[in-house]
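Colleague: I would like to learn how to read the features of a structure like this one, taking them one at a time. Could we begin with the covalent link?

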Amino acid sequence: MTARSTRCTTAKTRTSRLAAVAAIAVAGSVLLTACGDQTEGGSATPTKSGGSASAAPLFSKLPADIQKAGVIKVGTDASYAPMEFTEGGKIVGVDPDIAAALGKQLGVKFEFTSGTFDGLITSIYTGRQDVIMSSMTDNKKRQEGLDDNGKKIGKGIDFVDYFSSGVSLLVKKGNPQGVNSLDDLCGKTVAVQRGTIYEDTFKAQATKCGANKLTIQAFDTDAEAQTRVKAGGAVADLNDYPVAAYIAKTSGGGNDFEVVGNQSDVGLFGIGVSKDNTQLRDAIKEALDAIIKDGTYADALKKWDVSDSAVKTATVNAGK
């Protein structure tokens with residue numbers, strides 16, 4: 001799935017992987033690469049924790065250093081509405097709202113910092129961030145630290161799976177090229193965010209197209225890919241269904257894009273955590289189960305009209 005299954009994520013494949021959209025969508029995974037840590041501290045936006053640490057039911061489950069800091073540092077690519085995007089100088093969306101609910105259970109703040117998607121896993125390796133919440137698809141490559149060719153390039157990360165989504169094609173309003181499936185893309189040009197599972201999907205389709213060449217244009221952000229489609233330089237972008245639907249609904253007042261074809265490659269988004277920090281991973285899993293049970297998880301998804309992507313229980317490394 002998704003992309004962001006690379007969306008180093010893939011995410012993905014989120015990159016199976018929901019870019020600034022609406023007003024920022026067109027304006028402007030994860031493959032495990034050797035990219036450096038690219039998160040930018042200046043854009044950090046804390047969410048509010050749920051009262052004093054002593055009152056939080058799961059505070060004692062956290063590692064001592066995070067208890068002391070009172071903060072979980074979160075790496076994200078805040079350009080993926082409605083999952084995570086910047087509005088009024090703050091990072092908002094599905095993921096920050098879920099994090100706020102988790103924070104109430106854990107008694108700490110989740111502080112989001114935005115960076116490029118393909119640098120997020122590296123930010124866990126370097127210790128700059130404690131977790132990743134960025135519509136990142138939980139898959140075996142990311143779990144095991146492998147690149148596209150199966151080469152070991154890192155220790156990998158663990159995932160607490162919190163969201164389920166398929167991927168969909170986003171085309172120019174009116175679908176002038178008559179695209180309804182991946183097979184319709186052969187002989188055409190597509191645009192996609194670099195380092196996502198969506199890019200992997202397009203590469204696989206290019207192989208399938210053979211001599212009827214599929215040209216792939218990859219960009220640092222999905223907003224750039226959208227701009228390319230809107231301008232007519234590419235016929236389609238690929239995205240997680242909730243993101244694609246949000247873009248189609250909001251960009252240009254609903255006049256820029258439309259979603260075509262059926263969802264495919266349904267997969268899980270995971271909260272990425274260092275393999276060396278199983279205590280934090282397990283605390284987050286327990287907190288996620290708690291907010292699923294008390295309804296605040298469902299409230300966060302309903303707010304952004306993505307209730308169909310809810311999971312029934314928290315899992316660890318359940319991605320394929």
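Colleague: What is the handedness of the link of cysteine 186 and cysteine 209?

Modeller: This is a predicted model, and in it the link of cysteine 186 and cysteine 209 is left-handed, with -80° about the S-S bond. The pair links distant parts of the chain, 23 residues apart, with cysteine 186 in the loop between strand E8 (157-172) and strand E9 (189-193) and cysteine 209 in helix H5 (residues 197-209). The S to S distance is 1.9 Å, and a search of the whole structure finds one disulfide.

Colleague: Are cysteine 186 and cysteine 209 buried or exposed?

Modeller: A residue is called buried when its relative accessible area is under 20%. Cysteine 186 is buried because its relative accessible area is 17%, and cysteine 209, at 10%, counts as buried as well.

Colleague: Let us turn to strand E8. What does the side chain of aspartate 158 make a polar contact with?

Modeller: Aspartate 158, which is found in strand E8, makes a side-chain to side-chain polar contact with lysine 275, at 2.6 Å. Aspartate 158 counts as buried because its relative accessibility is 4%. Leaving aside neighbours within four places in sequence, aspartate 158 is in contact with Ile271, Gly272, Val273, Lys275, Arg281 and Asn317.

Colleague: Gly272 is in that list; where is glycine 272 found?

Modeller: Glycine 272 is found in strand E12 and counts as buried, since its relative accessibility is 0%. When sequence neighbours within four places are set aside, the contacts of glycine 272 include Ile157, Asp158 and Phe159, and also Ile124, Asp130, Val131 and Ile132. Sequence separation and spatial separation should be read side by side here: glycine 272 and valine 160 are 112 residues apart in sequence and 6.7 Å apart in space, C-alpha to C-alpha.

Colleague: For the backbone, which residues other than glycine have a positive phi?

Modeller: One of them is aspartate 305, whose phi is near 60°, and another is aspartate 265, which has a positive phi of about 50° although it is not a glycine. Their settings should be read separately: aspartate 265 has its place in strand E12, whereas aspartate 305 is found in the loop between helix H9 (296-303) and strand E13 (315-316). Aspartate 265 counts as partly exposed because its relative accessibility is 40%, while aspartate 305, with a relative accessible area of 66%, is exposed.

Colleague: And which peptide bond is cis, with omega near 5°?

Modeller: That is the bond from alanine 81 to proline 82, and proline 82 is found in the loop between strand E3 (79-80) and strand E4 (84-87).

Colleague: Finally, how many residues line the largest pocket, and which lie nearest its centre?

Modeller: The largest pocket is lined by 18 residues, and those nearest its centre are Tyr241, Pro242, Ala245, Asp305 and Val306, so that aspartate 305, whose positive phi was noted above, appears here again. The volume of the largest pocket is about 370 Å³.

Colleague: Which element supplies the largest share of the lining of the largest pocket?

Modeller: Helix H7 (241-250) is one of the elements that each supply at least two residues of that lining, together with E8 and strand E12 (257-274), and the largest share, six residues, comes from H7. By chemical character, the lining divides into eight nonpolar, seven polar and three charged residues.

Terms used: Residues numbered from 1 in each chain as written. Predicted model: local features only at pLDDT ≥ 70, side-chain atom pairs only at ≥ 80, totals over all residues. Heavy atoms only, no water. Disulfide = S-S within 2.5 Å. Helix = DSSP H or I, 4+ residues; strand = E, 2+ residues; numbered from the N terminus. Buried < 20%, exposed > 50% of the residue type's maximum accessible area, 1.4 Å probe, protein only. 1 Å grid on protein atoms, 1.4 Å probe; cavity = no way out; pocket = protein on both sides within 12 Å on 5 of 7 lines; lining within 4 Å. Points joined across faces, edges and corners; volume = space filled by probe spheres on them. Nonpolar A, V, L, I, M, F, W, Y, C, P; charged D, E, K, R; others polar. Polar contact = N/O pair within 3.5 Å; in protein donor to acceptor, adjacent residues only side chain to side chain. Contact = heavy atoms within 4.5 Å.
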